[in-house]
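Got the viewer open and a selection box ready? Let's take a walk through this one, stop by stop.

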Amino acid sequence: MHLTAREERILVGEEGHGRQKAMELLVALGDIYRAKRLIPISSAQVSGASFKTIGDAGIKFLEDFSEQARVTVRASLNPLGMDVRRWKTMGVGSQFHAKQERIVRAYASLGVEPLYTCTPYLAGNRPRGGQHIAWAESSATVFANSYLGAMTNREGGPSALAAAIIGKTAEYGLHLAENRAPRVRIDIQEIPEGLAPLAGFLVGKIAGKRIPYLPGLRLTADQHKAFGAAMAATGAVSMYEFAAPGDRERVDTSLIEERVALPISELESLSDGLRGDDDWDLVAIGCPHCSRNEIKRMASYLKRRKPANSSDVWFCTSRNVYRSCPKEIGILRKFGKVLCDTCMVVAPIESMYKRTASDSGKAMVYLPTLGRQRASFRTTTALLEAISR
Ligand code: F3S
């Protein structure tokens with residue numbers, strides 16, 4: 001990979017050990033993927049923020065790094081393992097809290113913005129179309145590439161942090177226009193209400209490593225958020241192309257090698273297969289973190305109803321969204337805990353609950369594995385009905 005004179009100087013340590021380590025990581029990745037050069041990024045999204053996912057080794061890495069470097073572009077942080085204010089209420093123990101606080105402090109001294117959300121694009125860090133970024137959170141990466149038209153690979157936590165420190169990333173993969181063309185066309189009819197996450201779940205399985213093209217996919221921004229998150233959880237690709245009926249010329253379909261029909265009946269049978277039981281300990285909504293519109297819609301449904309007191313309820317969102325709609329948050333709080341900074345997957349849920357219901361396709365992948373839960377899928381409407389009367 002070609003490096004500029006300044007990049008060479010960083011690589012030999014002339015700008016400090018922290019920047020040198022970050023540059024070494026970027027160069028190693030660039031060499032593996034045969035990148036020709038580093039390119040500037042406008043923002044980074046760093047994952048690896050929960051003590052549950054990074055453990056003691058991760059804390060040591062971050063604390064060492066934080067003494068030697070600082071980010072040089074806007075960089076926001078993924079959800080933590082707890083709500084920084086209501087960690088006791090949500091059932092997090094003091095040992096976990098102490099370790100999580102060390103992670104928070106290390107990222108703060110690195111200069112990473114404490115958004116603590118997987119939806120940075122709803123909390124102030126929203127790239128524009130065509131901008132190169134280095135984002136690590138898989139659900140945010142797919143939303144940025146597919147819905148916002150920004151350009152990013154699915155970074156790992158350390159590589160996103162290295163990119164944030166240098167302000168650049170290696171130019172390969174989805175940073176190159178020629179690698180963004182779809183390879184498989186998937187035809188889905190009208191997606192039934194509440195099943196967009198499961199459509200993403202199936203599309204990810206069909207697409208695998210190939211970028212799918214979904215002509216006629218008509219979803220709201222919130223539905224794209226849920227669709228892409230599930231797609232990135234079951235598939236290995238961080239981008240899809242979609243086009244409304246009058247907008248098809250925009251998409252380069254010349255490399256499509258397979259065409260697959262995805263009938264609604266498959267979505268319905270997946271929904272049946274993921275139903276699980278009705279006896280939940282926890283209902284968890286907000287994977288990815290709820291948008292302001294989603295909070296408002298749920299509050300509008302719940303405002304004339306009463307809590308059913310059937311199980312615990314978590315509504316997960318970012319602190320920015322939480323602050324933006326206090327009235328609606330007040331309504332939701334009658335029905336459960338509205339948590340910021342964290343989610344049902346990266347919190348230590350396994351020490352609190354055994355059976356969790358969610359409306360998220362991504363959560364159906366990770367609740368049974370990372371969260372050790374018996375997971376049940378229901379649409380948002382079905383969950384709101386279940387928690388109220
Ligand atoms: Fe976000 Fe947690 Fe889901 S990080 S996408 S709410 S697993």
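Start by selecting helix α5. Its buried residues pack against β4 (134-135), α8 (221-234), β8 (241-243), β10 and α13 (361-366). Keep in mind as you click around that this is a predicted model. The helix spans residues 138-148, and 10 of its 11 residues are buried, so call α5 mostly covered given that buried means under 20% relative accessible area. If you want to paint the buried ones, pick S138, S139, A140, T141, V142, F143, A144, N145, S146 and L148. Then step off the end of the helix: G149 follows α5, and its phi is positive, near 75 degrees.

**Zoom out to the domains**

Colour the chain by domain next. There are domain 1 (5-176), domain 2 (181-272) and domain 3 (275-386). Put a centroid on domain 2 and another on domain 3, using C-alpha atoms, and the distance between them comes out at 25 Å. Where those two domains touch, domain 2 supplies 15 residues and domain 3 supplies 18 residues.

**The largest nonpolar core**

Now select Y107, V112, L161, I165, W314 and M344. Within the largest nonpolar core, which has 61 residues, these touch the most other members. To see where the core draws from, show α2 (17-32), β2, α3, β3, α4 (94-110), α6 (157-166), β10 (282-290) and β11 (312-317): each gives two or more residues. Which element gives the most to this core? That would be α6, with seven residues. With your domain colours still on, check where the core sits: domain 1 and domain 3 both give residues to it, so it lies between them.

Stay on Y107 and expand the selection to its contacts. Leaving out residues up to four places away in sequence, Y107 touches V46, S47, G48, A49, L62, L77 and V112. There is also a second, separate core, this one of 34 residues; A230, M239, V260 and L267 are among them.

**A strand pair and its crossover**

V46 and L77, both in that contact list for Y107, lead to the next stop. Show strand β2 (residues 43-46) alongside strand β3 (residues 74-77): the two pair in the parallel sense, over four bridges. Which residue of β3 is the bridge partner of V46? Pick L77. Now trace the chain out of β2, through helix α3 (residues 51-66), and into β3; this β-α-β crossover is right-handed.

**Helix α9, one side and the other**

Jump to residues 264-273, which make up helix α9, and select I264, L267, L270 and S271, its buried residues. Look down the axis: these residues cover an arc of only 120 degrees, which puts them on the same side of α9. D272 and G273, on the other side, are exposed. What covers the buried residues of α9? Among the elements to display are β6 (184-188), α7 (196-207), β9 (258-262) and β14 (374-377). L267 is a residue to label twice, since it is buried in α9 and is also included in the second core.

**A quick stop at V27**

Select V27, in helix α2. V27 counts as buried because its relative accessibility is 13%, against a cut-off of 20%. Its contacts, not counting residues up to four places away in sequence, are M1, L3 and L11. For a long-range check, draw a distance from the C-alpha of V27 to that of M239: the two residues are 212 apart along the chain, and the separation is 24 Å.

**Backbone oddities**

Last, open your torsion panel. Most residues other than glycine have a negative phi, and most peptide bonds are trans. Three places here are worth a click.

- Y116 is not a glycine, yet has a positive phi of about 50 degrees. Find Y116 in the loop between α4 and β4; at 9% relative accessibility, Y116 counts as buried.
- D341 is not a glycine either, and has a positive phi of about 75 degrees. Look for D341 in the loop between β12 (337-340) and β13 (355-358). Is D341 buried or exposed? Buried, at 1% relative accessibility.
- The peptide bond from C287 to P288 is cis, with omega near -5 degrees. P288 sits in strand β10, one of the elements that α5 packs against, which takes you back to the first stop.

Conventions. Residues are numbered from 1 along each chain as its sequence is written. This is a predicted model: local features need pLDDT of at least 70, side-chain atom pairs count only at pLDDT 80 or more; totals for chains, interfaces and linings use all residues. Side-chain values use heavy atoms; hydrogens and water are left out. Buried means under 20% relative accessible area, exposed over 50%, partly exposed in between (1.4 Å probe, protein chains only). The arc is that of the directions from the helix axis to the C-beta atoms. Contact means heavy atoms within 4.5 Å. Two strands pair if DSSP finds at least two bridges between them. A crossover is right-handed if, with the strands pointing away from the viewer, the path from the first strand over the helix to the second runs clockwise. A nonpolar core is a set of buried Ala, Val, Leu, Ile, Met, Phe, Trp, Tyr and Cys residues joined through side-chain atoms within 4.5 Å. Domain bounds come from an automatic or database domain assignment.
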